[in-house]
Each structure stands twice: as C-alpha cells, then as structure tokens.
Amino acid sequence: MEEVTSSQKLFVPSLPTLWPSMLWGKGQASAFQPFAAQNVRYFYFARNAVWLTVKMLGLDKGEVLMPAYHHGVEVEAVVDAGATPRFYRVGSRWDVDLQDVEKKIGPKTKALYLIHYAGFPGPAAEMRQIADRHGLPLIEDCALSLLSADGTVPLGTTGDIGIFCLYKTLPVPNGGALTINGARQYSLPEPPAPPSTSTFSHTVSALLQNLELRGGAMGRGLRRVIRGVGHGTVKAANIKRVATGTQHFNREHVDLGMSPLTKRIALAQDLEGIVEKRRRNYFFLLGRLRDISPPLCNQLPPGVCPLFYPLVVQDKAEVMAKLHEQGIDAIDFWKRFHPACDAAQFPEVLELRRSIVEIPCHQDLSPEVMASVASAVREAVKLDRRSRKRAS
C-alpha cells in the first residue's frame, strides 16, 4: 500500500481511503482478531453485535455495568435489547476506576462491559478477575481498537465476548464482528448480506476520497464532478444507502450482515504494516505536539494500534474550525452522554467530552503529510490560546 505525500492544499480525511488495487487483492489468513477467531459472526455494524450479545447471554431484564465514557450508540443497543445500563467511573486519562466497578455490582448486574479507547487497552485482565469473582460475563468493546493488543494479548480475547468495528480502521464499506471466547459455544445464524447498492455506494465514496487524497487540486475537481453525477443517479434510482458512522442504533438494521466485499478487502490488507504506520504517525504527533498540549496518552505501549491522536484543547469548536480550514478532518470525539447517564456524577468524563479532538494518524498519511498536520495543529492551538487571552 502506498502512502500519500503532501500537496499545496491538505486533504486529510479522518478515515483511511480505498486504493483501487485493494479491490482485487488476494485475501490471506490473519493472526489478528476478529479474523483469527474460531467462533465469529460478522455484521454490518458493531452495534448489531452489541444487541445480539444482550439477547444471546440473556442480559435483558437485568443490568449491564458500562463505562460513563461511551459513544452512546452501544448504550442504545443495550437498552433496545432489553437490558438496563448502569455506569462506572472513568478517569481523566481513560483509566477505569476498578473500585467503582466492584462497588456498583449488585443483585441485578448481569454483565460487565469494557471499552478500549482509540486502540489503547483498558484493564481487561483486572475486569476479568472482577467478573469471575462475581460470576459475570465480560464484554470487551474493541470497536475503536481493531488490530490492537495489550503487549502480546490481542484485545477482545480476554472477555467472554469481543466486539469489533472494521470500517473505523480499514478502508472497507461496512463491517462489525462478534467473537465468542472460552469453552461455552453459541450457535449463531449467519446474518444476510446487506443491499449490494449500499455497499457499492460506500465503496465508490471511499475510492473518490482516495482520488482526492492522491490527485491534489485535479483530484478534488474530479471528485466534485463525479459526486454530483452520482448523487443525481442515486436519487433517480431511489437507492437506499445504509449509512455508517451514524450516531444512533436502528432496529431496522439489526439483522444486516457484512458484505463479502468487506471481508475480501480487509484480508487483502497488510495488517502488520497498518499497525506500524499508525504507530509511526502517532509517535510523530506526540513528539511535535506534547509541548503545546499535554498528551492524554504520554506513551504508546507495545501492541497498540492507535485509531487517532487524542488532542486535548480548551475550545474544541475554535480549534476544529481552524483545522477544517486547513483541510484536516478533525473530529469532535464523543461530545455527549447517553441520556441514561447522569453527567453530574462523572466530572472527569464531562471534561473529557469537552476537551478531546481526534487528529487523524492513519495508514494513508506519509511523514510529509504528518509534518503538515502537526504544523497546522500547532498553529490552531496557538491561535486558540491567543484568542482566549484577548477575551480575558
């Protein structure tokens, strides 16, 4: 897989793009989860796997103990499946309060739920011990942590259940997975493939992003023209596109499986190379940004495949606007609590939601592009500081 070097105007998408050669690459066996799992089912969304897990383990009508720092869609899936979420404390550095977890286990608790944030491992071994002491299953949510490990232990293999999202890390049109660990086996039906028109639409979109990434000004122009024609065709043909990256759980999509094209593209990737490039890009940003913004994660432990660089800022809206002007698709990371979670009880999480911006560090981006990204981030943070000083 090639990398993209810088052009006059940056175009840095938040997710990796689809290179045309990947469409006919040969799939191969993988040592990474979920592809190496013996018992795995693939879905259109990872949230589908969350919903099915609640039903499969009989957690409905009971409580699932979940982290207060969450996206919200996983909580929606738990609620829709019939379980009640209860929340435990997460600290200012994504650290799980294990004492709070144990304290909040009660007679209605049916399972523990652990989220691994942006590729960085949570305390899976410790949560496993707590779960075993109380006779509870442990669910590992690795939706943000595909290809990551805690040292030599792949994330998603310590809990009874591992849940993964493919399209956040890999250039695929859709894809989530549920892996079942341990001796107890469950017979799961293979979900039906999604509409081919929806898969085609997402695939073309990823190819067009790659065209813009590689083609500079000419690529941007071609992408605008092709997208305009494509939108008209989709509307005229009444094609229904099942969007990924949405904020809410939709029961209508719970039975959708993963497209065969997704698995083909995923297994044709150089997964070890992807981990290496993401780590290189993260280290680069860490070295260039630590003096202007104290890093949330000051180290990159062995085995971690970072999803993005978490930038801590004072004014998210201001910094993001400046980065978007420079062509960097920075993301407002997990801004809102799910309504079932009382924000007032979790001030550290409230601060995390107020202050973290996703900075891309994915495998498409070369050291030259990362240098431009780092410079743009430094300038945005400095401007934000100056504007706040003037306001005060």
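So, the second largest pocket: there's about 310 Å³ of space in there. Keep in mind as we go that this is a predicted model. Who sits around that space? The lining is made up of 21 residues, and the closest to the pocket's centre are Ser30, Ala31, Phe32, Leu271 and Glu272.

Which helix gives the largest share of that lining? That would be helix α7, residues 271-289, with 3 residues. And if you sort the lining by character, you get 12 nonpolar residues, 7 polar ones and 2 charged ones.

Okay, let's leave the pocket and go over to strand β4, which covers residues 109-115. Is β4 mostly covered or mostly open? Mostly covered: 6 of its 7 residues are buried.

Now, what does β4 pair with? Let's take one partner at a time. There's strand β2, residues 63-67, which runs parallel to β4 and is joined to it by 3 bridges. If you want a spot to look at on screen, find Val64, which stands opposite Ala111 in β4.

Then there's strand β5, residues 138-142. That pairing is parallel too, with 4 bridges joining β5 to β4. Here the spot to find is Tyr113, which stands opposite Ile139 in β5. And how does the chain get from β4 to β5? By way of helix α4, residues 124-134, in a β-α-β crossover that is right-handed.

So if you're scrolling through the model afterwards, two places to stop: the pocket, with Phe32 and Leu271 among the residues closest to its centre, and β4, with its parallel bridges to β2 and to β5.

Key. Residues are numbered from 1 along each chain as its sequence is written. This is a predicted model: local features need pLDDT of at least 70, side-chain atom pairs count only at pLDDT 80 or more; totals for chains, interfaces and linings use all residues. Side-chain values use heavy atoms; hydrogens and water are left out. On a 1 Å grid over the protein atoms alone, a cavity is a set of points where a 1.4 Å probe fits but cannot get out, and a pocket is an open set with protein on both sides within 12 Å along at least five of seven lines; lining residues have an atom within 4 Å of a point. Grid points are joined across faces, edges and corners, and a volume is the space filled by probe spheres set on the points. Helices (H or I, at least four residues) and strands (E, at least two) are DSSP runs, numbered from the N terminus. Ala, Val, Leu, Ile, Met, Phe, Trp, Tyr, Cys and Pro count as nonpolar, Asp, Glu, Lys and Arg as charged, and the others, Gly among them, as polar. Buried means under 20% relative accessible area, exposed over 50%, partly exposed in between (1.4 Å probe, protein chains only). Two strands pair if DSSP finds at least two bridges between them. A crossover is right-handed if, with the strands pointing away from the viewer, the path from the first strand over the helix to the second runs clockwise.
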